[in-house]
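This report describes the fold, the surface and the nonpolar interior of one protein chain. Two loop residues are then taken up separately.

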Amino acid sequence: MKPRYRPNVTVACIVQCQDKYLMVEELIDGQTRYNQPAGHLEKGESITQACEREVLEETGIKLKVQELVGIYQFSPDDTLAFLRFTFFAQLSSFAKATPQDTDIQAAHWLTFDEILALEPKLRSPLVLSSLDDARNKTHYPLELLNSQYLRLAPSQNA
């Protein structure tokens with residue numbers, strides 16, 4: 001029997017203040033990469049909780065996601081796949097970013113053009129794709145998702 005396809009579930013947040021977006025700088029395989037605050041869904045948390053936790057860990061900023069930008073699939077190769085939920089949060093004033101996660105080198109408030117100039121150093125094509133969607137397409141209300149983590153009794157199946 002062929003193994004079941006199990007993409008990694010990830011979350012990301014496009015955080016905007018005025019004309020700038022919050023980006024994190026991280027070292028991956030010895031190379032500097034840039035991404036929106038992002039990470040993996042962990043056991044026992046909802047998708048929105050995961051996103052808010054990742055933003056806090058990677059930037060030190062506590063926020064509530066406000067809208068869903070989109071859901072994206074990405075496979076960099078035949079052995080790795082991601083299902084990414086990208087959220088949006090608008091801040092009324094710039095918050096000082098202080099990464100808590102030691103994998104994050106720094107956090108930066110950048111304009112779209114500054115992010116575009118970093119294209120060869122972006123973590124994945126989803127960074128620009130989701131940012132473009134956040135800037136130019138409809139955002140979806142969080143009610144679209146059942147964002148509560150529901151635990152079934154052991155005798156029930158999903």
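The text below goes from the overall fold to the cores and then to two loop positions.

**Fold and dimensions**

The model is predicted. Its protein chain contains three helices and eight strands. In sequence order these elements give the pattern β-β-β-β-α-β-β-β-α-α-β. The C-alpha trace spans about 50 × 35 × 30 Å along its principal axes. The radius of gyration of the protein chain is 16 Å, which agrees with the value near 15 Å for a compact globule of 158 residues. Contacts between residues at least 6 apart in sequence include many between distant segments: 70% of them join residues at least 24 apart.

**Surface and charge**

Of the 158 residues in the protein chain, 43% count as buried. The protein chain exposes about 9,700 Å², and carbon and sulfur atoms supply 49% of this area. There are 16 positive and 21 negative side chains, and the centres of these two sets lie 5 Å apart.

**Nonpolar cores**

In soluble globular proteins, nonpolar side chains tend to be buried together. In this chain the largest nonpolar core has 23 residues, and C13, L63 and F87 have the most contacts inside it. At least two residues of this core come from each of β1 (8–17), β2 (20–28), α1 (47–59), β6 (80–90) and β7 (104–110). The element that gives the most is β1, with four residues. A second core, separate from this one, has 17 residues, among them M23, V69, L118 and V127.

**Two loop residues with positive phi**

Which loop holds Q18, and is Q18 buried or exposed? Q18 lies in the loop between β1 and β2. Its phi is positive, at about 55°, although Q18 is not a glycine. Q18 counts as exposed because its relative accessibility is 53%, and the cut-off for that class is over 50%.

D29 is located in the loop between β2 and β3 (31–35). D29 is a residue other than glycine, and its phi is positive, near 50°. With a relative accessible area of 77%, D29 is therefore exposed.

The table sets out the values for these two residues.

| Residue | Loop | Phi | Relative accessible area |
|---|---|---|---|
| Q18 | between β1 and β2 | about 55° | 53% |
| D29 | between β2 and β3 | near 50° | 77% |

Definitions and conventions:
Residues are numbered from 1 along each chain as its sequence is written. This is a predicted model: local features need pLDDT of at least 70, side-chain atom pairs count only at pLDDT 80 or more; totals for chains, interfaces and linings use all residues. Side-chain values use heavy atoms; hydrogens and water are left out. The radius of gyration is taken over C-alpha atoms; the globule rule is 2.2 Å times the number of residues to the power 0.38. Buried means under 20% relative accessible area, exposed over 50%, partly exposed in between (1.4 Å probe, protein chains only). Contact means heavy atoms within 4.5 Å. Accessible areas come from the Shrake-Rupley method with a 1.4 Å probe; for residues, only the protein chains shown count as cover. Lys and Arg count as positive and Asp and Glu as negative; His and the chain ends are not counted. The place of a charge is taken as NZ of Lys, CZ of Arg, CG of Asp or CD of Glu. A nonpolar core is a set of buried Ala, Val, Leu, Ile, Met, Phe, Trp, Tyr and Cys residues joined through side-chain atoms within 4.5 Å.
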